[in-house]
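Okay everyone, thanks for coming. Have a look at the screen, and I'll walk you through this one piece by piece.

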Amino acid sequence: MNSMNAVSPMVRARRQAITAVALGAVLLVTLAGGAYALITRGDCGERPRLRVTASPEIGPALVRMAEQYTRDGGCAAISVATRNSADVADQLGARKNVTDVWVPEASVWLDLARVQGGDRAALLPGTSIAHSPVIMAVNQETAKKLASHRGEPSWTLLIPTSGTKKKLPKASTTLPAPSRFGSGLAALSVLNAVVADRPDMLKIVRGITVNLKRSVVSSEEALFDLVGQARGGEDPLVVLSEQAVWRYNTSGAGQQAVGLYPKEGAISLDYPYVPLTRDPVLRQAAEDFRQAVLSPAGRTVLQSAGFRDTAGKAGSSLDARHGVRPAPPREIPAPDTETMLRVLLSMKLLLADTRTLLLLDISDSMAKKVPGQQATRMRATADFAEAGIRALPKGSDIGLWVFSTKLDGDKDYKEIVPVGPLKEQAPEVIEELRKLPGHTRGDGGLYDSVLAAFRSMAKNQVKGMLSSVIVFTDGRNKDPRGISLNELLATLRREFTPAQPVTVTLIGYGEGVDAKELRQIAGVTNGAAMVAQTFDQARQIFLQVVSNRVCVDRERCASQEG
């Protein structure tokens with residue numbers, strides 16, 4: 001035997017002892033690790049199922065984090081669903097149990113859920129987990145045109161002025177519906193802030209806001225279709241989040257979009273993480289997952305998905321190759337909660353399809369001639385009512401009631417055409433309007449008629465549609481048998497529901513109306529009251545009310561109220 005390979009019994013014993021200790025140590029570590037895993041999973045019990053609902057763009061990143069959380073031994077079984085934040089806010093406002101954790105794209109949706117009747121104790125401000133500034137985007141050809149003019153882009157590009165037309169002769173501005181997307185709402189807020197000290201531009205912005213339905217789309221995909229399919233030298237200018245620009249360019253779906261960072265700065269979407277469950281086990285699971293989301297690893301996942309962290313820091317994926325930049329824009333603070341919520345509610349009303357009930361005065365006074373015309377007041381009213389109906393958007397509903405006194409037994413009002421889809425009801429309403437000049441009679445039973453019309457519309461609400469009553473009258477209430485003004489106001493105040501409003505807008509003509517009474521009636525339903533001194537004014541007001549449906553700028557409305 002080779003002496004170099006010979007091992008004495010003592011050395012052999014010593015080596016065996018060392019090996020045994022080493023194997024024991026390895027086994028101890030292995031068992032300890034296994035014991036830790038077993039203890040962790042043992043503490044989990046039945047593994048609670050945590051439902052997370054998120055805005056669609058951040059959902060995939062949360063799915064990745066939930067999978068990692070599970071691999072790391074997290075207790076909860078986490079499912080992540082994606083839904084539009086406006087839809088979730090509506091459901092939470094109705095107190096439906098739709099999720100345990102909610103991650104909308106902006107905190108304003110929490111405020112909306114609260115004001116619509118949601119659980120105030122649950123809908124507390126959440127922890128922001130990511131930011132994405134709202135910017136503008138154009139195609140590459142439009143970006144070159146803007147670069148030739150030098151200077152930084154401005155939010156005023158959205159305003160159709162001579163300066164804008166010089167830079168972009170065929171510009172078309174589009175943004176996501178502010179009633180459904182935080183980015184669209186942020187754009188309106190920024191635009192108002194930018195032109196606050198510019199009366200000339202402020203007037204244009206108000207006009208844009210009132211006529212917004214022409215310039216919005218219901219999805220981000222539709223925005224990018226505009227960018228990618230521009231033809232004939234068009235200059236499509238769209239508003240959306242920085243992450244949306246990154247996401248579109250990363251997908252390779254079409255022509256590259258170029259993000260524009262306005263010199264004034266931007267409002268960022270803040271993605272609050274909001275636990276809603278009251279179950280203590282689920283609340284702990286929600287907190288555990290929140291910690292995972294806020295961890296350095298979670299932040300990296302969000303940045304790799306095109307988001308910034310809450311301090312505005314970008315990941316390596318936000319770069320020029322993806323149409324964006326790593327440097328954050330100047331942060332414009334979002335308006336206070338009350339202001340933002342008021343704008344959101346106005347946008348929901350303004351952009352909704354409408355159910356409109358026309359309530360027209362047919363009392364004796366409506367048979368009088370309009371000064372300077374051969375037509376009677378009733379004839380002129382029927383004419384502009386017909387014009388208003390023809391101007392209604394396709395998704396509208398329309399109906400017709402009339403009022404005076406004792407039109408239907410002891411009732412001061414009568415249904416002529418029930419409220420229904422415009423396509424089906426408009427021909428009949430127009431036909432009945434043309435008959436009204438030959439049917440004037442009685443006095444003005446205004447109060448009972450307004451209440452009955454309000455109640456009818458409130459009883460027959462249609463989800464997603466704004467219900468309104470538009471009243472035209474040339475006189476005061478003259479029915480001593482009916483309810484009083486105070487009774488009408490008290491009843492409207494008690495029965496009006498902000499979450500499902502029925503607005504009453506009253507248009508008066510001439511000296512026979514009581515403007516103060518009309519304002520009081522309109523005020524308790526968030527409507528408006530306006531008095532015209534001429535029938536030309538009456539026509540203009542009526543057409544404006546029918547087309548706009550809601551007054552976004554209360555000061556401007558107040559200046560029109562008689």
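**A quick tour of the chain**

So, let's start with the outside: the chain's accessible surface comes to about 26,800 Å², and 53% of that belongs to carbon and sulfur atoms. Keep in mind that this is a predicted model. The chain has 562 residues, and 49% of them count as buried. On the secondary structure side, we've got 20 helices and 17 strands. And here's one about how the chain comes together: if you take contacts between residues at least 6 apart in sequence, 77% of them join residues at least 24 apart.

Now, the sheets. A quick reminder for the newer folks: strands of a sheet pair through backbone hydrogen bonds, either parallel or antiparallel.

Let's take the sheet with β1 in it. It's an open sheet of 5 strands, in the order β2-β1-β3-β11-β4, with mixed pairing. At the edges you'll find β2, residues 77–82, and β4, residues 127–128, each pairing on one side only. Inside, β1 (49–54) and β3 (101–103) pair in the parallel sense over 3 bridges, and Val52 has Val101 in β3 as its bridge partner. Helix α2, residues 59–71, packs on this sheet and touches β1, β2 and β3, with its direction at about 175° to that of β2. Helix α11, residues 280–294, packs on the sheet too, touching β1, β2, β3, β4 and β11, and makes about 55° with the direction of β1.

Okay, on to another sheet. Which order do its 6 strands follow? It goes β14-β13-β12-β15-β16-β17, again an open sheet with mixed pairing. The edge strands here are β14 (411–421) and β17 (529–532). Neighbouring strands are turned by 20° against each other on average, ignoring direction. If you zoom in on β12 and β13, they pair in the parallel sense over 7 bridges, and Arg355 stands opposite Asp397 in β13. Helix α14, residues 377–390, packs on this sheet, touching β12, β13, β15 and β16. Helix α15, residues 422–435, does so as well, touching β12, β13 and β14.

Last stop, a pair of helices. α17 (485–495) and α18 (515–523) pack at about 20°, with their axes 9 Å apart. Angles under 35 degrees count as roughly parallel, so that's what we call α17 relative to α18. Leu485, Leu488, Leu489 and Leu492 in α17 meet Glu517, Gln520 and Ile521 in α18. By type, that contact has 5 nonpolar residues, 1 polar and 1 charged.

That's my tour, thanks!

Conventions:
Residues numbered from 1 in each chain as written. Predicted model: local features only at pLDDT ≥ 70, side-chain atom pairs only at ≥ 80, totals over all residues. Heavy atoms only, no water. Axes fitted to C-alpha atoms, helices over the stretch in contact; angles between N-to-C directions. Helix = DSSP H or I, 4+ residues; strand = E, 2+ residues; numbered from the N terminus. Parallel < 35°, antiparallel > 145°, perpendicular 65-115°, else oblique. Contact = heavy atoms within 4.5 Å. Nonpolar A, V, L, I, M, F, W, Y, C, P; charged D, E, K, R; others polar. Buried < 20%, exposed > 50% of the residue type's maximum accessible area, 1.4 Å probe, protein only. Areas by Shrake-Rupley, 256 points an atom, 1.4 Å probe, with all protein chains shown as cover. Pairing = 2+ DSSP bridges.
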